[in-house]
Amino acid sequence: MVREGSSAGRPDLIEANMQRRNILWTMFSSIGAAAVLAGTASRANAANVDKAKVAYHLSDLDKVAFVLGNIQNHYDGMGGPDKVKINLVIHGAALKAFHSAQASPEFSLHAAQLAKMGLVLSACINTMKAQNVTLKDLLPDFTIADKGAVVLLADLQAQGYAYLRP
């Protein structure tokens, strides 16, 4: 018995219904697959982001102690150096505070303690040339921003570092 409005006995309607089912199946399968992939990608990204990243910009000699204090507070506030990666990029007059010949023993110790915690100290190559100093003239643990401090800061920001200029 064929009911009115049913597709039984009509091959063209049966085929059309099967096509609709296939289209719906494909659509819902695709949506489900996309959701699974999005969740997987999100977990993978979360696993890769194990630390916050911060770039401090320091050029003012009168702010050196303040910035080092901020960095210590940043480590403490984040729960320690295993929770945040900090790069201190120094140029201009501020670099003079890190000349080993001019730094007090207390200041040298504080900078060394921060470096031991993971602080990356980056000196601008242009400032080093202007002040006629080499890495040997600076406190231990320095790296050179070989393209300049401002270029390094831009590069760090492109890598996802938050930019702070206290």
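Helices here are DSSP runs of H or I with at least four residues, strands are E runs of at least two, and both are numbered from the N terminus. With that in hand, start with the whole chain of this predicted model: you should find five helices and five strands. Colour from the N terminus on and the elements go by as α-β-α-β-α-β-α-β-α-β.

Next, select the strands. They make an open sheet of five, in the order β4-β3-β2-β1-β5, and the pairing is parallel. Go to the edges: β4 (142–145) and β5 (162–164) each pair on one side only. Step across the sheet from one strand to the next and the twist averages 25°.

Now zoom in on β2 (residues 84–90) and β3 (residues 120–124), a parallel pair held over four bridges. For one of the positions there, pick Asn87; its bridge partner in β3 is Val120.

Which helix should you add to the view of the sheet? Try α5 (residues 149–158), which packs on it. Show its contacts and you'll see α5 touching β1 (52–58), β2, β3, β4 and β5. Look along β2 as well: the direction of α5 makes about 160° with that of β2.

Finally, zoom back out and switch on the surface. The chain exposes about 10400 Å², with 58% of that supplied by carbon and sulfur atoms. How much of the chain is buried? Of its 166 residues, 31% count as buried. If you draw the contacts between residues at least 6 apart in sequence, 71% of them join residues at least 24 apart.

Methods
Residues are numbered from 1 along each chain as its sequence is written. This is a predicted model: local features need pLDDT of at least 70, side-chain atom pairs count only at pLDDT 80 or more; totals for chains, interfaces and linings use all residues. Side-chain values use heavy atoms; hydrogens and water are left out. Two strands pair if DSSP finds at least two bridges between them. Axes are lines fitted to C-alpha atoms, for helices over the stretch in contact, and angles run from 0 to 180 degrees between N-to-C directions. Contact means heavy atoms within 4.5 Å. Buried means under 20% relative accessible area, exposed over 50%, partly exposed in between (1.4 Å probe, protein chains only). Accessible areas come from the Shrake-Rupley method with a 1.4 Å probe; for residues, only the protein chains shown count as cover.
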